[in-house]
Amino acid sequence: PSRDRELKDAKSLVWVRSSVAVAGGMGAGAAGSGAGSVVESVEFAVGCRGLFAMDAHSKTDPIVALYELDPRSGRFEYLCQTEMLVDNHEPVFETRLKLDYAPADAREQAERELEVKLFDGDAYHKLSAEELNRGPPEEDLLGGARFRVGEALQGELQLEVTNERDRNKDRLLRDKRCTVWLRREQDSGRL
């Protein structure tokens, strides 16, 4: 267990019941800020409403992860995630999603594209510490929604998530929807 904790700490990622930060302290968009820019950490409370059951014999074990579009690669890169809550269709997570933001570059920062992904943590407990640092496994993906940083900074953001898993296998699951909400919390400080 201590070796696992050392690996997580080495990546600057604390993943259970605490604020979660990107390795190195900045997301792809914040990293491009000027050298003299002040960077603030913005935290978001997160929860879900109306989760759908994906397993026949149990409720969903939800996890919400935050990703940011890397403009250089064109791919969404994992930033952080909530804890997994067992058998919960209306979760309010204790873990806050944390994003670094440079107010001096407000216009550019507001256009940064983010994505939340909702997972059912079926395979989550089987992951190694190294795998945990890369985010939840895609096989547990329920769906996701994209938005811009500027939208999230306005207050509470409601994101509709449509089921992506088993889309062609089970007609009953097709087009199931739920809501993931993000609410900006107090700024946690300057970096």
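**Charged pairs and a tyrosine pair**

With a relative accessibility of 46%, E138 counts as partly exposed, because that value falls between the limits of 20% for buried and 50% for exposed. The description that follows concerns a predicted model. E138 takes part in a salt bridge with K117, in which the N to O distance is 3.3 Å. K117 belongs to strand β5, whereas E138 sits in the loop between α4 (129-132) and β6, so this pair ties together parts of the chain that are 21 residues apart in sequence. Unlike its partner, K117 counts as buried, because its relative accessible area of 14% is under the 20% limit.

K117 also leads to an aromatic residue. This lysine lies over the face of Y67, at 4.6 Å from the ring centre. Y67 in turn is a member of the one aromatic pair that the structure holds. Its partner is Y78; the two ring centres are 5.7 Å apart and the planes stand at 70°, so the pair is edge-to-face, the cut-off for that class being over 60 degrees. The two tyrosines come from distant parts of the chain, Y67 from strand β2 (residues 62-70) and Y78 from strand β3 (residues 75-81), with their positions 11 residues apart. Both count as buried: Y67 has a relative accessibility of 5%, and Y78 has a relative accessible area of 16%.

Y78 has further partners. Its side chain is joined to that of Q81 by a polar contact of 2.9 Å. Q81 is placed in strand β3 and, at 0% relative accessibility, counts as buried. Another residue that touches both Y78 and Q81 is A65, which lies in strand β2. A65 likewise has a relative accessibility of 0% and is therefore buried. Beyond four places in sequence, its contacts also include C80, E115, V116, K117, F119 and P136. The C-alpha atoms of A65 and L118 are 6.6 Å apart in space, although the two residues are 53 apart in sequence.

The salt bridges can now be considered more widely; their count comes to 10. R148 forms one with E111, where the closest N and O atoms are 3.5 Å apart. E111 is found in the loop between α3 (106-110) and β5 (113-120), and R148 in strand β6 (residues 141-148), 37 residues away along the chain. Both count as partly exposed, E111 at 48% relative accessibility and R148 with a relative accessible area of 34%. R148 also meets E113 in a salt bridge, with an N to O distance of 3.8 Å. E113 lies in strand β5 and R148 in strand β6, so parts that are 35 residues apart in sequence are tied together.

One residue stands out for its backbone. D87 has a phi near 50°, a positive value in a residue other than glycine. It is placed in the loop between β3 and β4 (97-101) and, at 41% relative accessibility, counts as partly exposed.

Finally, the confidence of the prediction varies along the chain. The mean pLDDT is 74, and 70% of the residues reach 70 or more. Among the elements, β2 has the highest mean (95), while helix α1 (residues 2-10) has the lowest (35). Over residues 1-27 the pLDDT stays under 50, and the model has 54 contacts beyond four places in sequence for that stretch. Residues 167-172 also stay under 50, with four such contacts.

Note on methods:
Residues numbered from 1 in each chain as written. Predicted model: local features only at pLDDT ≥ 70, side-chain atom pairs only at ≥ 80, totals over all residues. Heavy atoms only, no water. Phe/Tyr/Trp six-rings, centres within 6.5 Å; stacked < 30°, edge-to-face > 60°. Helix = DSSP H or I, 4+ residues; strand = E, 2+ residues; numbered from the N terminus. Buried < 20%, exposed > 50% of the residue type's maximum accessible area, 1.4 Å probe, protein only. Lys NZ or Arg CZ within 6 Å of the ring centre and 35° of its normal. pLDDT = per-residue confidence, 0-100. Contact = heavy atoms within 4.5 Å. Polar contact = N/O pair within 3.5 Å; in protein donor to acceptor, adjacent residues only side chain to side chain. Salt bridge = Lys/Arg side-chain N within 4 Å of Asp/Glu carboxyl O.
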